[in-house]
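Student: I have a structure open on my screen and would like to walk through it with you. Could we take it step by step?

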Amino acid sequence: MPQPVQYRGMTLIVPDNDSEWTEFYAHARAHRLVVRKCTACGLMRYPPTHACPWCMELEWTWQELSARGTIYSYEIVHHAIQPGFRELTPYPVVLVELDEQRGQPTPDEALRIIGNLVKPDLTPEAEANVAIGRRVRVIFQDLADHMALPQFTLADEPAPARVWRLPE
Amino acid sequence: MKTLRDQYCVVGVGETEYSRASGRTTRAMAVEAIRRAILDAGLTARDVDGMLDYQGGDSTLANHVAPDLGIRLNFYMDVMGGGSSTEALIGLAMGAIEAGMCNTVAIYRSMNGYSEFRIGGTGARAAQPVRGLDLAQVPFGMRSAGQNFALTFMRHMYEYGTTSAQVARVKVAHSRHASQNPKALLKERVTVEDVVGSRWIVKPLHLLDCCLETDNATCLIVTSAERARDLKRRPVYIMGVAGRVSKPRLDFHWAHGPITRVAGYYAKDIVFGQAGIGPEDVDVTGSYDAFTFTTLLQLEEYGFCKKGEGGQYVSSGIIELGGGRPNNTSGGHLCEGYTHGMSMVIENVRQLRGTVDDYCPRAAEGVHTYDYSPGRCRQVKDAEITMNLGWAVPPTGSALILRR
Ligand SMILES: [Zn+2]
């Protein structure tokens, strides 16, 4: 088993038999964002899981994505409960709707992924710049030889719809 | 769908003191709460032959608790679960009795939620290794319940224009109710300004939008209506129950929007269908107020107002004592204490009996003043039907409809 990764006081464990995450992180370490794609119905899913939630098929392939999307919701953590995050507060957590497979297979569904909104140097983005509707792209944070976390950073693209943030 | 409407009753309720330093084990507290509920029902240890409890590795199991009270069990299960387990276990108790496995079931939850295993996720909970599905969110500093739910709350504000001041009215209402509850941990009434002026925990949640971490044990006793009729208390009948109903993709519900939709969307037809009533027939609601927002989302989803209009509904005064449909008349998790849902069912049972334990001198006899000023009465006049809206996480919840 690869060594557990220490990150901000947390022990991140991906055992060899955890096929859901082992290859996901190997791709992430190579700075590729991948999701599982069903070989039967062609739909993609995140997080990586063993069966297709739409057709129950067990066969899948990894599919690389453009790693671009739009902030669907966010929160700003002021009171960190994990000691390793205290020095980062206030830090934003974003739910990003990826560009691929939006509104499929039903209008309410999409590939959505959670990460921190960070500056290019991986420090937390300023709160004033965090808003629903803003365009983002994935930036990888290397943690170990076999692991990197997909994070998000603001993309210099016009927002496709209404931009909103919590009023001051 | 099959219904057992009015064939089962809640006949006993009991709890320990709500505190932040119980100084006791969960075993000692469970024993006290169960004993109180048995005595409240007018039963003896010999009459109880079933036991259900729920926990998250933070409590004492039934096989240690029952013998302490001299209870011999014909059926018991220890269930892994948190919020919304209360209503689900009431349904399972009915099922166990219906199957002929036992006659009368004690359901308990015991936790040192402040002094031992903090429900807020700090301490021992925050130090647990991260693996499996947790890798999709915990490494990003998203581990506590508030951090888990805030994305849903924020999206609700975006989609429907819900404001912090509107949501704060939930805390204001529950604090008013707690001021009439001698048991409540926080009895002080607060204002909207107090809530929106309190420090940020995780935006859009302020400190006063969050519930209290509490040490306590609670117990409910369920038996058949036939047995209930022989007991000393007025029976409280179970009209309908829905247990741990879930949204699709409950592992990662953000993939299956709208993320502002919560499990009540699916639970409401089950529970109202069994009961044969609608939201307009409910006199009192008990919603799981882990946060102010969770009350608002559930009231919307169960149809007490239109989807998206929860902000107006909770700030209209209707959820306060004296209003059209008071919610969490004990003060709930925001003010009375955090019990993983049990206390809101206990309170509704007392409301239906007409013997809410407020400051009215003859409350136990059912004599109330209905004066809802601080330190007085919290009995709802002629409450006939109550409903509990149990919450675990946005994609999982339970519901219970009771009548007198
Ligand atoms: Zn498929």
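Tutor: Happy to! This is a predicted model, and a good place to begin is B:Ser164, which touches B:Met157, B:Val196 and B:His206 once residues up to four places away in sequence are set aside.

Student: Which helix of chain B holds B:Ser164?

Tutor: The contacts of B:Ser164 include B:Val196 and B:His206. As for its own element, B:Ser164 belongs to a helix covering residues 164-178 of chain B, and that helix is H5.

Student: How far apart in space are B:Ser164 and B:Leu299, C-alpha to C-alpha?

Tutor: Start with the sequence, where B:Ser164 and B:Leu299 are 135 residues apart. In space, the C-alpha to C-alpha distance between B:Ser164 and B:Leu299 is 17 Å.

Student: Is B:Ile201 buried or exposed?

Tutor: B:Ile201 sits in strand S5 of chain B, residues 200-203. The cut-off for buried is under 20% relative accessible area. Because its relative accessible area is 13%, B:Ile201 is buried.

Student: Which residues of chain A does B:Ile201 touch?

Tutor: Leave out residues up to four places away in sequence, and the contacts of B:Ile201 in its own chain are B:His206, B:Leu207 and B:Cys210. On the chain A side, the residues touched by B:Ile201 are A:Ile76, A:Val77, A:His78 and A:His79.

Student: What distance separates the C-alpha atoms of B:Ile201 and B:Val79?

Tutor: Along the chain, B:Ile201 and B:Val79 are 122 residues apart. Their C-alpha atoms are separated by 31 Å.

Student: What kind of peptide bond joins B:Lys203 and B:Pro204?

Tutor: B:Pro204 lies in the loop between S5 and strand S6 (205-206) of chain B. Omega for the bond between B:Lys203 and B:Pro204 is about 15°, and the bond is cis.

Student: What is omega for the cis bond between B:Gly257 and B:Pro258?

Tutor: Look for B:Pro258 in the loop that runs between strand S8 (236-246) and helix H8 (264-275) of chain B. For the cis peptide bond joining B:Gly257 and B:Pro258, omega is about -5°.

Student: Now for strand S4 of chain B: how many of its residues are buried?

Tutor: This strand covers residues 104-112. Residues such as B:Thr104 and B:Ala106 point one way from S4(B), while others, including B:Val105 and B:Ile107, point the other way, and all are buried. S4(B) is therefore largely enclosed by the rest of the structure, with the buried count at nine of the nine.

Student: Which residue of S7(B) is the bridge partner of B:Arg109?

Tutor: S4(B) pairs with S2 (residues 50-55) of chain B in the parallel sense over four bridges, and there B:Leu52 stands opposite B:Ile107. Strand S7 (residues 215-224) of chain B runs antiparallel to S4(B), joined by nine bridges. In S7(B), the partner of B:Arg109 is B:Thr218.

Student: Why is chain B as compact as a globular protein of its length?

Tutor: Chain B has 12 helices and 11 strands. The globule rule gives 22 Å for 404 residues, and chain B counts as that compact because its radius of gyration is close to this value, at 20 Å.

Student: What share of chain B is buried?

Tutor: The C-alpha trace of chain B spans about 55 × 50 × 45 Å along its principal axes, and its accessible surface comes to about 13,500 Å². Of the 404 residues in chain B, the buried share is 65%.

Student: Over in chain A, which strands stand at the edges of the open sheet?

Tutor: The sheet has three strands in the order S4-S3-S5, with antiparallel pairing. Five bridges join S3 (residues 34-38) to S5(A), and A:Cys38 has A:Trp60 as its bridge partner there. Each edge strand has a single partner, so one side of each is left without a neighbour in the sheet; these strands are S4 (44-45) and S5 (60-64).

Student: What is phi of A:Leu122?

Tutor: A:Leu122 is in the loop between strand S8 (112-116) and strand S9 (135-144) of chain A, and counts as partly exposed at 29% relative accessibility. Its phi is positive in a residue other than glycine, near 75°.

Methods: Residues are numbered from 1 along each chain as its sequence is written. Chains are lettered from A and ligands numbered from 1 in the order in which they are written. This is a predicted model: local features need pLDDT of at least 70, side-chain atom pairs count only at pLDDT 80 or more; totals for chains, interfaces and linings use all residues. Side-chain values use heavy atoms; hydrogens and water are left out. Helices (H or I, at least four residues) and strands (E, at least two) are DSSP runs, numbered from the N terminus. The radius of gyration is taken over C-alpha atoms; the globule rule is 2.2 Å times the number of residues to the power 0.38. Buried means under 20% relative accessible area, exposed over 50%, partly exposed in between (1.4 Å probe, protein chains only). Accessible areas come from the Shrake-Rupley method with a 1.4 Å probe; for residues, only the protein chains shown count as cover. Contact means heavy atoms within 4.5 Å. Two strands pair if DSSP finds at least two bridges between them.
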